[in-house]
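Q: Hi! Could you walk me through some helices with me today?
A: Sure, let's bring it up and start.

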Number of protein chains: 2
Amino acid sequence: MKTFTLGLLGFGNVNRTLVELLQRKDAELRERHGIAWRITGVGSRRIGWRANAEGFDVDELLRSRSLDAFTGMRGQECPSYRAWLDAVQPEVVFEATALNVETGQPAIDHIRGALEHGAHAITANKGPVVHAYEELRDLAARRGKQFLFESTVMDGVPIFSLFRNTLPAIEVRGFKGILNSTTNVILSGMERGLTFDESLRQAQELGVAETDASHDIDGWDAAVKVAALVNVIMGVRLPPQKVEREGIRRLTAEAVRSARNAGAPYKLRCRAQRNESGVSASVCPEQIPLTDPMALVDGTSSIIQFETDIFPGLTITEENPGLYATAYGMLADFIRAALS
Amino acid sequence: MKTFTLGLLGFGNVNRTLVELLQRKDAELRERHGIAWRITGVGSRRIGWRANAEGFDVDELLRSRSLDAFTGMRGQECPSYRAWLDAVQPEVVFEATALNVETGQPAIDHIRGALEHGAHAITANKGPVVHAYEELRDLAARRGKQFLFESTVMDGVPIFSLFRNTLPAIEVRGFKGILNSTTNVILSGMERGLTFDESLRQAQELGVAETDASHDIDGWDAAVKVAALVNVIMGVRLPPQKVEREGIRRLTAEAVRSARNAGAPYKLRCRAQRNESGVSASVCPEQIPLTDPMALVDGTSSIIQFETDIFPGLTITEENPGLYATAYGMLADFIRAALS
């Protein structure tokens, strides 16, 4: 049995749910994998850099919604990330701060710092994957650590580890899929008779869409996911800006409803295909006939179909992801790193 | 770079295609995984137990369709499996002999012998998985070897390694799917207007169905796959005889066509579900509405949907598997074993 010291960067929904899941799976982690854990650090813009070498009380941590709650906890506040790493001595860092599409910062610095300090780095943040994949992969390899990011594309459904661990010696020629929940939920609502704005508001009330949903609506979220997949599983460097991109703003409620009634609903479809010069990739609204399983993917469900040299079509569908899905991707990465 | 000695048991389509695939992926295996290989043994009912410590000439092996061809090859013929293992000294044995549903023999003896002799054992044969999974798994663990069987359920699409390697600490509550190609091809043909017999004959001409297809038509093939999945990924011992089973013989061409016209085609559906006393499992024809992606799986395609504690629905679909699919499952198992 080995006890791992864990540091959490960002303490919003993803890392809070991860802590709940770690608690729920605690017995299984110990019995089946010989893994125990202790959270020795939590850092976020709101609460600062908090460290407790003995490990935070997990129940207290989960109840603490305010800065005051943290101030009352045992432990110390560190002046910088570097000082926090020294105080926390994390063996695994879970990076779940907000995405910066253009630069991938500060997540890249967090992950670089964690790997250099001797920790495995696990992230739910797409920024580092699309802006610094090769650097961080190579840094991790040099340090004998893991840089893992299974939660970045499909809520923790195994995609990267599928190709890394279970589909060796296979060539990915391309893929297509529906990878953004917010737009899919909005389109489903419009098909049921809502206007774009009503449907967006409903998605926000359901907690699917953020207050500023333009990142999703304009196709950026999907484009970043496409770029992450192309970089990692196709081995071709592609920044998200190079993904041809059109969001769903131009689609009227009437167009969406009549497409559905005609048996070919609109979906915001992602595509990537190898060609002579590398890979061409796009995110665009497309009408998909109901005879194609992709047309049946509604609401928060997602789908990806890979074309490989061995399997002409290998498709993974995630139906109505549960609360724990994204956090599970990080937990699975933790187990992979711990057993590596 | 390590060179592995390989022994092939059975030399029909599966192992011949495996040899072709090993040749095709030779450079990648060397460069990416540090794996080289040499076939030092081939055994089958037709050709006997053939060994060549220096390695058979692969092109000669692939051209040899007759017993005479083998007799002309360099090497020796061994009097028994045991003598063959001693002469071949295999580090990996690929078992691809014919399935015996009731006993799993002689494949179980082959695999037991290979593991006891110090080889990894890789099989495309479901018999050993449903009749001797625990024994062979434990034997492999004691010998520090791998017992792998990714090609047994879905033509080499990763299912077992998915749960073993990429979905740790997850609980499978149940699954449903379409896992038998022959019946699916026959039903597709009947929907297009053929009688059962015509459709069966066409499937046989296409090489999908065997001369005696009753094993498929009566649901045995699917039931054995269900039992293999329940044994391994649900951890519950279930012999194939305990899978409730009804084939497609009672379906008339008219019933099949009118079900399709009514928007709910017949499919031979597999199901397994955890309950208080273990797992209940079945293979039965069911009408599935066209709003369910499972209804869209035609011809040789297959699908499986898992219900887990983390993902309420996680579905894998394989569309029109290529020639190399089943052999690829064995190749991937070889790489896993070699890197273990």
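Q: What should the 14 residues of helix α12 (residues 220-233) of chain A span, at 1.5 Å a residue?
A: They should span 20 Å, and the end C-alpha atoms of α12 in chain A are 20 Å apart, which agrees. The expected span is 1.5 Å times one less than the number of residues. Helices here are DSSP runs of H or I with at least four residues, numbered from the N terminus.

Q: Is this an experiment or a model, and which residues count?
A: This is a predicted model, where local features need pLDDT of at least 70, side-chain atom pairs count only at pLDDT 80 or more, and totals for chains, interfaces and linings use all residues. Residues are numbered from 1 along each chain as its sequence is written, chains are lettered from A and ligands numbered from 1 in the order in which they are written, and side-chain values use heavy atoms, with hydrogens and water left out.

Q: Back to α12(A): how many of its residues are buried?
A: 13 of the 14 are buried, so α12(A) is largely enclosed by the rest of the structure. Buried means under 20% relative accessible area, with a 1.4 Å probe and protein chains only.

Q: And what follows α12(A)?
A: A:G235 does, with a positive phi near 65 degrees.

Q: New topic: at what angle do α9 and α10 of chain A pack?
A: Helix α9 (residues 181-191) and helix α10 (residues 196-205) of chain A pack at about 130 degrees, with axes 8 Å apart. Axes are lines fitted to C-alpha atoms over the stretch in contact, and angles run from 0 to 180 degrees between N-to-C directions. The two are therefore oblique to each other; under 35 degrees counts as roughly parallel, over 145 as roughly antiparallel, 65 to 115 as roughly perpendicular and the rest as oblique.

Q: Which residues of α9(A) and α10(A) make the contact?
A: A:V185, A:I186, A:G189 and A:M190 of α9(A), and A:F196, A:S199, A:L200 and A:A203 of α10(A). Contact means heavy atoms within 4.5 Å.

Q: How about chain B, where α9 and α13 cross?
A: The axes of α9 (residues 181-191) and α13 (residues 253-261) of chain B come within 8 Å and cross at roughly 80 degrees. That makes α9(B) roughly perpendicular to α13(B).

Q: Which residues meet there?
A: B:L187, B:M190 and B:E191 in α9(B) meet B:A253, B:V256, B:R257 and B:R260 in α13(B).

Conventions
Buried means under 20% relative accessible area, exposed over 50%, partly exposed in between (1.4 Å probe, protein chains only).
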